[in-house]
Amino acid sequence: MSPASATLPAGEPPRRRSAHPQRTCVACRRTRDKQDLVRLARHGDDVVVDWDQTAPGRGSSICPDLDCVEQATARDAARLRASLRGGTVDQVLCALTEIHHHLESAQHSKEHNA
Ligand SMILES: [Zn+2]
């Protein structure tokens, strides 16, 4: 007779989930989950919008909100540029404009489908 030993199922050890990485929006300075922000990244000498958050290297984040993108002034762009350690203010503003267009068209298509 085998004793009904209370052996625990040898499952996977509980994986310790690290807290969501947090980033600060350059415009409103709110700290949010990294995945809730849009990342700007250096790509060579260029500054690109890292929509997938997969670009290597230094990056900087901003809320995907029109408010924040519109709020980001040339001064914020300069600060962004500093945290990216490269690029130009124009390139940062260009990337911000790209985000702005994206958000606007997303908003428009939402209105359109409503
Ligand atoms: Zn923000």
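1. Two residues count as in contact if their C-beta atoms, placed from the backbone, lie within 7 Å. Keep that cut-off in mind for the helix pair below. Note also that this is a predicted model.

2. Start with helix 2 and helix 3. From helix 2, the residues Ala-74, Ala-77, Ala-78, Leu-80 and Arg-81 take part. They meet Val-89, Val-92, Leu-93 and Leu-96 of helix 3. Sorted by class, this contact has eight nonpolar residues, one charged residue and no polar ones.

3. Now the geometry. Two packed helices are described by the angle between their axes and the distance between the axes. Helix 2 spans residues 74–84, and helix 3 spans residues 89–113. Their axes come within 9 Å. The crossing angle is roughly 110 degrees. Angles of 65 to 115 degrees count as roughly perpendicular, so helix 2 and helix 3 are roughly perpendicular to each other.

4. Next, the sheet. It is open and has three strands, in the order 4-3-5. The pairing is antiparallel. Strand 4 (46–50) and strand 5 (59–62) are the edge strands, and each pairs on one side only. From one strand to the next, the twist averages 30 degrees.

5. Look closer at one pairing. Strand 3 covers residues 38–43 and runs antiparallel to strand 5. Four bridges join the two. Which residue in strand 5 is the bridge partner of Leu-40? That partner is Ser-60.

6. Last, how helix and sheet meet. Helix 3 lies across strand 3 and strand 4. Relative to strand 4, helix 3 runs at about 25 degrees. Helix 3 also meets helix 2, through residues including Val-89 and Leu-96.

Notes: Residues are numbered from 1 along each chain as its sequence is written. This is a predicted model: local features need pLDDT of at least 70, side-chain atom pairs count only at pLDDT 80 or more; totals for chains, interfaces and linings use all residues. Axes are lines fitted to C-alpha atoms, for helices over the stretch in contact, and angles run from 0 to 180 degrees between N-to-C directions. Angles under 35 degrees count as roughly parallel, over 145 as roughly antiparallel, 65 to 115 as roughly perpendicular and the rest as oblique. Ala, Val, Leu, Ile, Met, Phe, Trp, Tyr, Cys and Pro count as nonpolar, Asp, Glu, Lys and Arg as charged, and the others, Gly among them, as polar. Two strands pair if DSSP finds at least two bridges between them.
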